[in-house]
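Trainee: Could you take me slowly through one part of this model, and explain each term as you use it?

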Amino acid sequence: MKLIVGLGNPGPEYAFTPHNAGFLAIDRIAEDRGAMVVNRRSKALTGKAIIAGEECLLIKPETFMNLSGLAVAPLVKEYELDPAKDLIVLYDELAFPLGELRLRPNGSSNGHNGVKSITGVLGTEDWIRIRIGVGKPALSDGREIKAGGKDYLLTPMRKTELAVMDEVLDCAARAVEMVVGEGIAAAMNRFNQKDSCKS
């Protein structure tokens with residue numbers, strides 16, 4: 001069993017905001033697999049899906065972002081899983097431009113409250129993360145546009161941004177399948193390259 005967790009905030013007002021990239025990724029995976037993420041367990045909506053031949057539990061915490069660990073940790077414990085191998089978390093990353101994806105086997109929160117919460121409750125930074133870029137793209141002269149933090153993250157995306165997000169969600173679903181089927185090292189090799197989601 002693998003736990004595939006998408007981070008976000010519950011409620012329709014947050015549905016299509018950059019901060020909910022993790023929820024959107026879980027929705028895409030569920031849609032691709034014909035799964036429904038509707039069962040309430042451990043402060044989360046869950047649904048089962050077979051990915052790369054393995055049973056996976058798709059999870060959307062209902063705790064709000066900064067308490068995500070309270071939904072994730074009881075499920076890790078219930079299934080007696082090793083977070084380093086069996087927990088895959090998808091979430092938004094302001095440090096990368098919209099449309100990019102980065103995978104890591106562990107690491108610090110980089111200021112992300114959902115990540116802080118999961119690490120705090122589990123007591124370890126060793127769990128797999130798939131970071132979905134939501135930052136502003138660089139300007140044509142190479143300068144970066146600063147994405148204004150919290151206000152930006154909680155503001156619904158525009159149509160053009162949603163179109164880019166749509167592509168990266170397909171890419172995130174492929175990345176999850178590769179992590180489950182071939183391991184994090186192979187998936188990092190494939191997806192941790194610039195423009196890997198465009199090929």
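Mentor: **Two helices that pack together**

Helix α1 (residues 21-33) and helix α6 (residues 159-182) pack with their axes 9 Å apart and at an angle of about 70 degrees; here helices are DSSP runs of H or I with at least four residues, and strands are runs of E with at least two, numbered from the N terminus, while axes are lines fitted to C-alpha atoms, for helices over the stretch in contact, with angles running from 0 to 180 degrees between N-to-C directions. That angle makes α1 roughly perpendicular to α6, because 65 to 115 degrees counts as roughly perpendicular, under 35 as roughly parallel, over 145 as roughly antiparallel and the rest as oblique. The crossing of α1 and α6 is right-handed, a word used if the near helix is turned clockwise from the far one by less than a right angle, with left-handed for anticlockwise.

This is a predicted model, in which local features need pLDDT of at least 70 and side-chain atom pairs count only at pLDDT 80 or more, whereas totals for chains, interfaces and linings use all residues. Residues are numbered from 1 along each chain as its sequence is written, and side-chain values use heavy atoms, leaving out hydrogens and water.

Turning to the residues themselves, A21, L24, A25, R28, I29, D32 and R33 in α1 meet M165, D166, L169, D170, A173, V176 and E177 in α6, where contact means heavy atoms within 4.5 Å. The residues of this contact divide into eight nonpolar, six charged and no polar.

How values were computed
Nonpolar A, V, L, I, M, F, W, Y, C, P; charged D, E, K, R; others polar.
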